[in-house]
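Hi,

Here is the structure I promised to pass on. Have a look at it first, and then read on for what turned up.

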Amino acid sequence: MAVTNGQQAQTVAARTRRERRVLQVVGAVAALLLVTGLIVRASVGLQHPPDERIVTVDPRSGAVTSGGVALRSNLRAPLFDDVVLAPGDVVTECIAIDYRGDVLVDDVLLQLAQTAGSRELMGALDVTVERGVAGRAGCDGFTPQARIASASLAQLAAGGDRPASAGRQRWTPTDGERATYRFTVALGDGAAEVVEGERVTTDFRWIATAVPVGGDLGSRLGMLLLAFARDGIIPLLIMIVVAVLFLGVQDRIDRRDPKLAHAAVSDEPELFIDPVLLTVAGRGAASAGGA
């Protein structure tokens, strides 16, 4: 059957339209993949901060025990060193605490570590602790932001690890943030003579608390998937999109190549001939000559 030039032109036009549609579908799929990845990346990034990590804490105090957290003070000497108070006296000192770490801290707590000395004097000493910011070293320019505790030293010692205060606000610092704590100690005017000559020592400590993260295999796997969705999904989708576009364009180029267009996709199997049916050429002639 002969094929006219018009039929050939129609065939080429139909093939071109099919190739164009294929490229359009490939481009649409690639764009859909990329847009889906961007949506997933944006949603994950907004809901989950990028600095999540495995965090272990002490079950009793909530203090971070997984490392990577440090609270450093600007003092190398006692805050109140051999202070002598008379009834009605008030002393004030400040200490700055710097936070270093990559953990999402829930709060930095001030704990009364240990107290020793006269119980009567503990009951007569009023202690007020405030957290704020100071412009320079010491208490110069101190601006209070939250009241941590306000009670007698005896009440604070009986209150356990966390001095209670209705006005306490959380301090959730980031790496490099500093807070200044102002301690005000007063001996009441009506202090009994029984506290004369008595002595009290006490230690405070700061601990960073956080919510434990990654304690079991499921949560660690979830953190891994979130990290991949946040940081790895876009590069992966870009690679897939580039690969799909490359294959689509290369397929169109190959279809336009005459050699590749008419090349067989698979080789035809060769016809099997039984060796018994084969005859050796010249065998009959040789026999006749011998006779």
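A residue counts as buried here when its relative accessible area is under 20%, as exposed when that value is over 50%, and as partly exposed in between. Keep in mind as you read that this is a predicted model.

Let's start with the cysteines. Cys94 has a relative accessibility of 5%, so it falls in the buried class. Its partner, Cys139, comes out as partly exposed, at 25%. The two form a disulfide, with 1.9 Å between their sulfur atoms, and a search of the whole structure gives 1 such link. The link is right-handed, with 115 degrees about the S-S bond. What does the pair tie together? Cys94 sits in strand S2, while Cys139 is in the loop between S4 and strand S5 (143–152), so the disulfide connects parts that lie 45 residues apart in sequence.

Now for the chain as a whole. There are 7 helices and 7 strands, and from the N terminus on they run α-β-β-β-α-β-β-α-β-β-α-α-α-α. Of the 291 residues, 25% are buried. Taking the contacts with a separation of 6 or more, 77% are between residues 24 or more positions apart.

Next, the largest pocket. It holds about 1,100 Å³ of space and is lined by 36 residues. Which of them lie nearest its centre? Those are Phe80, Val83, Val200, Thr201 and Thr202. By class, the lining has 25 nonpolar, 7 charged and 4 polar residues. Strands S2 (90–101), S4 (125–133), S6 (178–187) and S7 (200–209) each contribute at least two residues to this lining, and S7 gives the most, with 6.

One more residue to click on is Glu130, which is in strand S4. Is Glu130 buried or exposed? Its relative accessibility is 12%, so it counts as buried. The side chain of Glu130 makes a polar contact of 2.7 Å with the side chain of Arg182. Leaving aside residues up to four places away in sequence, Glu130 touches Phe142, Pro144, Ala146, Arg147, Ile148, Thr180 and Tyr181, as well as Arg182 itself.

If you want a place to begin in the viewer, try the link of Cys94 and Cys139, then go on to Glu130 and Arg182 with their polar contact.

Cheers

Technical notes
Residues are numbered from 1 along each chain as its sequence is written. This is a predicted model: local features need pLDDT of at least 70, side-chain atom pairs count only at pLDDT 80 or more; totals for chains, interfaces and linings use all residues. Side-chain values use heavy atoms; hydrogens and water are left out. On a 1 Å grid over the protein atoms alone, a cavity is a set of points where a 1.4 Å probe fits but cannot get out, and a pocket is an open set with protein on both sides within 12 Å along at least five of seven lines; lining residues have an atom within 4 Å of a point. Grid points are joined across faces, edges and corners, and a volume is the space filled by probe spheres set on the points. Helices (H or I, at least four residues) and strands (E, at least two) are DSSP runs, numbered from the N terminus. Ala, Val, Leu, Ile, Met, Phe, Trp, Tyr, Cys and Pro count as nonpolar, Asp, Glu, Lys and Arg as charged, and the others, Gly among them, as polar. A disulfide is a pair of cysteine sulfur atoms within 2.5 Å. Buried means under 20% relative accessible area, exposed over 50%, partly exposed in between (1.4 Å probe, protein chains only). A polar contact is a pair of N or O atoms within 3.5 Å; within protein, one must be able to donate a hydrogen and the other to accept it, and residues adjacent in sequence count only if both atoms are side-chain atoms. Contact means heavy atoms within 4.5 Å.
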